[in-house]
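Reader: I am a first-year student, and I would like a close look at the charged side chains in this model. Could you take me through their pairings slowly, and then show me what lies around them?

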Amino acid sequence: MARKVVIFGANGFVGGEFAKQFIENGDSVTSISRTGEPLGNESWYSKVDWKIGNALGTGFWENYLKDADVVVDTIGEYQENQNENLTFEKVNYQSALNIADAAEKNKVPVFVYISADDIPGANKRYISTKRDAENNLNKRSFRTVIMRPSTMVTDDDKVDSDSKYRSLPVSMVALAALDAVDNDKENVTLNVDDIDKL
């Protein structure tokens, strides 16, 4: 049975791959982002219901989660932009809580969160805000699927498959998340090795 999937940021690199995988699975996809539909003419664009909304705050976008079966949060900030007040705390943590509040209000059963592995050299606040968001989400009424890749690349990029913190193709991460949405019955956190063996 087709599900209603709401993706925050399907106009981005990671969110776009999630949108494609859910569409190929036969699900309907709504994207919520600050800019709406992306430029270009990818064939799957016409299959997404593009909405404008800013998860950094609350607002009308919360209504787009009505009757959703799955919410996917791909919002993340690896480098802060102080000029626009885009801090780790605001982008990685508070936006996740705003989405989670709306998901609970709309009784969404599954929440997928794109986090990050403990990447060597990464800003400690970047990782800590991701962990704080994970901890909050895992206490909510919905089932969580938390993805912890290190970095994500296209299918064409070469990766060092022996490195503990190796990059993973974004398509692999999306497919592993889809598998967890379909098959796991409890909260699950998938690290690089967990994703790579699926």
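Author: What follows goes through the salt bridges, then a charged residue without one, and then the nonpolar and aromatic groups.

This is a predicted model, in which local features need pLDDT of at least 70 and side-chain atom pairs count only at pLDDT 80 or more, while totals for chains, interfaces and linings use all residues. Residues are numbered from 1 along each chain as its sequence is written, and side-chain values use heavy atoms, with hydrogens and water left out.

A search of the whole structure finds 15 salt bridges, a salt bridge being a side-chain nitrogen of Lys or Arg within 4 Å of a carboxyl oxygen of Asp or Glu. In one of them R125 pairs with E80, and the closest N and O atoms are 2.5 Å apart. This pair links distant parts of the chain, since R125 sits in helix 3 (residues 124-137) and E80 in the loop between strand 4 (70-73) and helix 2 (88-105), 45 residues apart. Helices (H or I, at least four residues) and strands (E, at least two) are DSSP runs, numbered from the N terminus. R125 counts as partly exposed, at 33% relative accessibility, and E80 counts as partly exposed at 24%; buried means under 20% relative accessible area, exposed over 50%, and partly exposed in between (1.4 Å probe, protein chains only).

R140 forms a salt bridge with D101, where the closest N and O atoms are 2.7 Å apart. Because R140 lies in the loop between helix 3 and strand 6 (143-148) and D101 lies in helix 2, the pair ties together parts that are 39 residues apart in sequence. R140 counts as buried, at 16% relative accessibility, whereas D101, at 42%, counts as partly exposed.

D196 and R166 form another salt bridge, with 2.9 Å between the closest N and O atoms. Here D196 belongs to helix 5 (residues 192-196) and R166 to the loop between strand 7 (152-153) and strand 8 (168-169), so that distant parts of the chain, 30 residues apart, are linked. R166 is buried, with a relative accessible area of 9%, while D196 is partly exposed at 30%. Salt bridges that share partners also join D118, R131, E134 and R148 into one network.

D117 is found in the loop between strand 5 (110-114) and helix 3. This residue is buried yet has no salt bridge, and the nearest side chain of opposite charge, R131, is 4.8 Å away (Lys and Arg count as positive and Asp and Glu as negative; His and the chain ends are not counted).

Turning to the nonpolar side chains, the largest nonpolar core has 34 residues, and those with the most contacts inside it are I7, F18, F22, V112 and M147. Helix 4 (residues 170-183) gives the most to this core, with 8 residues. Such a core is a set of buried Ala, Val, Leu, Ile, Met, Phe, Trp, Tyr and Cys residues joined through side-chain atoms within 4.5 Å. A second, separate core of 21 residues includes V6, I99, V108 and F111.

F111 is buried, and so is F142. The structure holds 7 aromatic pairs, and F111 and F142 form one that is stacked, at 4.9 Å centre to centre with 20° between the planes. Rings of Phe, Tyr and Trp (its six-membered ring) pair if their centres lie within 6.5 Å, and planes under 30 degrees apart count as stacked, over 60 as edge-to-face and the rest as tilted.
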